[in-house]
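Subject: Structure handover

Hello,

I am passing this structure on to you. Please open it alongside this email before reading further.

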Amino acid sequence: MVVSETLILAILQAVLVMALAPLLTGIVRKTKAGLQRRRGASIFQPYRDIARLMRKETIISHDASWIFTAAPTFILAATWVAATLVPTFAQTPGLAPIADLIVIVGLLAAARFALALAGLDIGTAFGGLGASREMLFATVAEPAMLMIIFGLSLIAGTTRLAEIAATVQATVPGLHISLMLAFVGLAMLAVVENGRIPVDNPATHLELTMVHEAMILEYSGRHLGLIELAQALKLLLYVSLIAVVFIPWGLAPAGSTLLAYGLGFGVYLIKLVVAAKLLAFFEIAGAKMRVFRVPQFAGVALMLALLAVLLLFVSRSF
Amino acid sequence: MDTLTVAHFLAGSLVLLSFSLLYQDRLPPLINTFAAQSLVLALAIGWQAETQHAPHLLITAAIEFGFKTVLIPLVLTWIIRNLKIHRTVEIVVGVGPTILAGMALVGLAMALMMRATPGIGVLARQDLVFALSVVLLGMLMMVTRRNAVSQVIGFMSIENGLVLAATGAKGMPFVVETSVAFSVLIALIVTGIFLFRIRERFDSMDVAVIDQFRGER
């Protein structure tokens, strides 16, 4: 493996996640529309939305401090780095030493902190309400995430994504209850973190129960575009994370041929489309739950993760 | 697929279903979850029969399936329909604290069994850990619930844990297993009568009402 190839892979990975993120959101929206017997916008609509927002005038409240204007850039940067660290179509040896699950959680927590701070900064009621709810959910969701990471590190002996993926790749698919519990837990957390339907409705701006949209209500123009891009990236990140940890088959190993990389890319695209369809289906199938039930929902994820860890202690089979 | 993985999977699912029993706050889903737990238990016993080459365990599995997966849930559904309490949402102590207490109990079961059974095989040990967890979670359910029907279900799930422990141990006499199964059935009949009686007497399924009762007419 030459240095230039490592570098090219890392850059390609960074460009790829940014390029595919709006597409994933587009596919979810299109599928949802189809399931509701609507025609829906094209799957490329999120690209157009973001491009339009980038061109539009940015309006900033008189009361906003520098935090309000700096937050979108920071959120996008942190989320982009986190999304780049998750291997998508191939192992990225250049990023592997820092592609640690705890680093990713830390970056996402920093982005969440910035968003909540920005929500509080302009001093409207909605912003503070959204920020307080976001933090309420995070107090349960983050321990659950760390517990899942703990379980995975018991299995693989490391918290580095590349090695976890390699460990899971080497096992025979079958009845691994700890992995299954961790999978369900992580899928529930992905729903909580991305504000998808049982927790928050990403399509509404009019509900008193909204969380994410409440925090970004005051944003417009370029800032809103950056935040929407970060949101799409976060969804892609969680899908990639679940794919790389629990279904890593098809991931091209480092230093393989161009054909193998192409194949890995194809498999990754299939995984994304399947995940988008499943997410849309689950969003259609359920109703939004009460805000105060969400910590319970995240608590179930915590319970599943803890159970997975406890089961690992009893016997070595996972 | 090796035997240990399957046994681990089934026993782990039993503990998971015990947790989801704690999570339910409406009676019909509670009964369905209990039926699911008994079904998984029957499968686990069937798997034990396969791995231990003990055909009499298949009869135990059949009894488990017939009684606890089919008969008892049907009877309980019939009872709550007749008492017209199938729509009530039970006031539980609070799902969050209950689940946390449950996790602490599972940790306790694990710590205890790891220390108490250093010499025995992995399969038997993991069965014992899970069985003790199911028993403790069933007890927790009986403590935290106020509705008599869910206390009955808590009791039955304790018995599920006992059966899991019994079948994990080699050489458990068949007579003991059948008599345990029948005693559960008798317990169902007794609790059924009890349920109708307290309903008739206090107009409620809440056992807290009994605390005030001093025997006056």
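Below is what was found, from overall confidence down to single residues.

Confidence comes early, since this is a predicted model. The model scores ipTM 0.74 and pTM 0.86. Chain B has a mean pLDDT of 81. In that chain, 91% of residues reach 70 or more. Confidence in chain B peaks in helix α2 (residues 27-52), at a mean of 89. Helix α8 (residues 208-212) of chain B is the lowest, at 72. Where pLDDT is low, the predicted coordinates should not be read in detail.

Now chain A. It has 11 helices and 0 strands. Read along the sequence, the pattern is therefore α-α-α-α-α-α-α-α-α-α-α, with helices counted as DSSP runs of at least four residues. The C-alpha trace spans about 55 × 45 × 45 Å along its principal axes. Is the size what a compact globule would have, or not? For 318 residues, such a globule would have a radius of gyration near 20 Å; chain A has 19 Å, so the two agree. Of those 318 residues, 48% count as buried. Contacts reach far along the sequence: among those in chain A with a separation of 6 or more, 80% join residues 24 or more positions apart.

One helix is worth a look. Helix α7 (residues 177-194) of chain A has 18 residues. At 1.5 Å a residue it should span 26 Å, and its end C-alpha atoms are 26 Å apart, so expectation and model agree. α7(A) is mostly covered, with 14 of its 18 residues buried. Just after α7(A) comes Gly195(A), with a positive phi of about 60°.

Next, the core. The largest nonpolar core has 158 residues. Helix α9 (residues 221-246) of chain A gives the largest share, 16 residues. Residues with the most contacts inside the core include Leu24(A), Ala144(A), Ala305(A) and Leu14(B). In soluble globular proteins, nonpolar side chains tend to be buried together. Ala305(A) has contacts beyond its neighbours within four places in sequence. Its partners there are Ala144(A), Met147(A), Ile148(A), Gly151(A), Ala182(A) and Gly185(A).

Last, the interface. How many residues of chain A are in contact with chain B? The count is 15 residues of chain A, against 22 residues of chain B. On the chain A side, helix α11 (residues 294-314) supplies the largest share, 10 residues. That side divides into 10 nonpolar, 5 polar and no charged residues.

Best wishes

Technical notes: Residues are numbered from 1 along each chain as its sequence is written. Chains are lettered from A and ligands numbered from 1 in the order in which they are written. Two residues are in contact if their C-beta atoms, placed from the backbone, lie within 7 Å. Helices (H or I, at least four residues) and strands (E, at least two) are DSSP runs, numbered from the N terminus. Ala, Val, Leu, Ile, Met, Phe, Trp, Tyr, Cys and Pro count as nonpolar, Asp, Glu, Lys and Arg as charged, and the others, Gly among them, as polar. The expected span of a helix is 1.5 Å times one less than its number of residues. A residue is buried if 20 or more other C-beta atoms lie within 10 Å of its own, exposed if 12 or fewer, and partly exposed in between; C-beta atoms are placed from the backbone. The radius of gyration is taken over C-alpha atoms; the globule rule is 2.2 Å times the number of residues to the power 0.38. A nonpolar core is a set of buried Ala, Val, Leu, Ile, Met, Phe, Trp, Tyr and Cys residues joined through C-beta atoms within 7 Å. pLDDT is the predictor's confidence in each residue, from 0 to 100.
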